[in-house]
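Work through the exercises below with the structure open. Each task is followed by its solution.

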Amino acid sequence: MTNAPVLGIDIGGSGIKGAPVNLETGETTAERLKIATPEKSTPKSVIKVCKQIVDHFADQIGDGPVGITVPAVVMHGVTRSAANIDKGWIDFNAEEEFSKKLGRPVFLVNDADAAGVAEVKYGAAKDHPGLVIMTTLGTGIGIAIVHRGVLIPNAELGHLEMNGKDAEKQASAGVKEKKGMSFAEWLKPLNQYYTMLENLLWPDLIVVGGGISRKHDQFLPKLKLRTKIIPAELRNNAGIVGAAWLAVDHLKHPDRVPVDPEPVSADPQLKA
Ligand code: BGC
C-alpha cells in the first residue's frame with residue numbers, strides 16, 4: 001500500500017463529515033467536507049451522502065479503503081442497534097453494502113470506538129499504557145474501552161441503568177440542551193454516571209469528547225471522581241481519524257468472526 005491519505009467518514013445526527021487522514025501524523029490532509037444528515041437517516045440515504053464524500057476526495061485517496069463511523073453497535077460489519085438513528089440500521093449488512101456502493105474496501109465502526117482509538121493513537125491518551133475509557137457526550141453517550149492500545153469494541157455503557165432509567169437519557173449533552181439545564185444542574189447526573197462507570201471498570205484515565213468538551217473547563221474540574229478525567233484533543237475530527245486508522249488496521253488483519261446468517265436482534269432497549 002502507498003502512503004496515500006486514508007478517508008475517514010463520521011456519520012452523526014446532524015452532519016456526515018469526511019476528510020482524508022495522514023496516518024503517520026493523525027492529521028487531516030484537506031479541509032473536511034460536511035453534508036447534512038438526511039432527515040430520514042436510512043442506510044440507503046446515508047450511503048448516498050458517503051458516496052458524494054468519496055467522490056469529492058477521490059483524487060487524493062486513490063483506490064484506498066474508507067473507514068466509516070456509525071452511532072450503532074457494529075459486529076463484524078453488521079450494524080446491530082440504532083438508538084439515535086433510523087431503525088433500518090438494525091441487523092443491516094452495512095459493510096458489504098457500503099463496499100459495493102462505494103466500490104472500495106469499507107470498514108464500519110461504532111462512532112465512540114473510532115474516537116477512542118484516535119485519542120489513544122494520536123490525541124489526549126496517546127500511547128497510554130493502561131486502561132482508557134473514552135466517553136463522547138452528544139445526543140447519546142458513547143463509550144470506547146481501550147486497553148494498552150487495543151480496542152474492546154461495542155461497549156454500550158451509555159445505556160447503563162441509572163435511577164431505573166437509561167443513563168444517556170439523563171446525563172448526555174443532548175439531554176442537558178433539551179431540558180435547558182445549566183452546567184451546575186447537569187453536574188449531578190453526570191457525576192453519578194461517571195462514578196458508576198469508574199466503579200464498574202476501574203479505568204486509569206477517562207477522556208471526554210463530543211461538542212460540549214470544548215467547554216470542559218465548565219464541568220470537568222467540578223466532577224468528584226477517583227479517576228483522572230481529561231478533555232479529548234482531536235475534538236471534531238476524532239471519529240474521522242479513528243475510522244481511517246481502523247480501516248487500514250482491518251486490511252492488515254482481515255480475519256474475523258463470520259457474519260451470522262440469522263442474526264439475533266439487538267436488545268430492544270437499544271432500539272428505543
Ligand atoms: C449508541 C452508541 C453510540 C452513542 C454515541 C448511543 O445511543 O447506542 O452506539 O456510540 O450513542 O453516538
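**Exercise 1: polar contacts of the ligand**

Histidine 159 has a polar side-chain atom 2.7 Å from an oxygen atom of the ligand. The model is predicted, with local features needing pLDDT of at least 70 and side-chain atom pairs pLDDT 80 or more, while totals for chains, interfaces and linings use all residues. Residues are numbered from 1 along each chain as its sequence is written, and side-chain values use heavy atoms, without hydrogens and water.

Task: find which N or O atoms in the side chains of aspartate 111 and glutamate 156 pair with the ligand.

Solution. Step one: a polar contact is a pair of N or O atoms within 3.5 Å. Step two: a polar side-chain atom of aspartate 111 is 2.5 Å from a ligand oxygen. Step three: for glutamate 156, a side-chain N or O atom also lies 2.5 Å from an oxygen atom of the ligand.

**Exercise 2: the position of the ligand**

Task: state where the ligand lies relative to domain 1 and domain 2.

Solution. Step one: the domain assignment, automatic or from a database, gives domain 1 (6-110 + 237-252) and domain 2 (124-232). Step two: their C-alpha centres are 24 Å apart. Step three: seven residues of domain 1 contact seven of domain 2, contact meaning heavy atoms within 4.5 Å. Step four: the ligand lies between the domains because both give residues to the shell around it. The residues near the ligand (a heavy atom within 4 Å) include Pro71, Asn84, Ile141 and Glu168.

Methods: A polar contact is a pair of N or O atoms within 3.5 Å; within protein, one must be able to donate a hydrogen and the other to accept it, and residues adjacent in sequence count only if both atoms are side-chain atoms.
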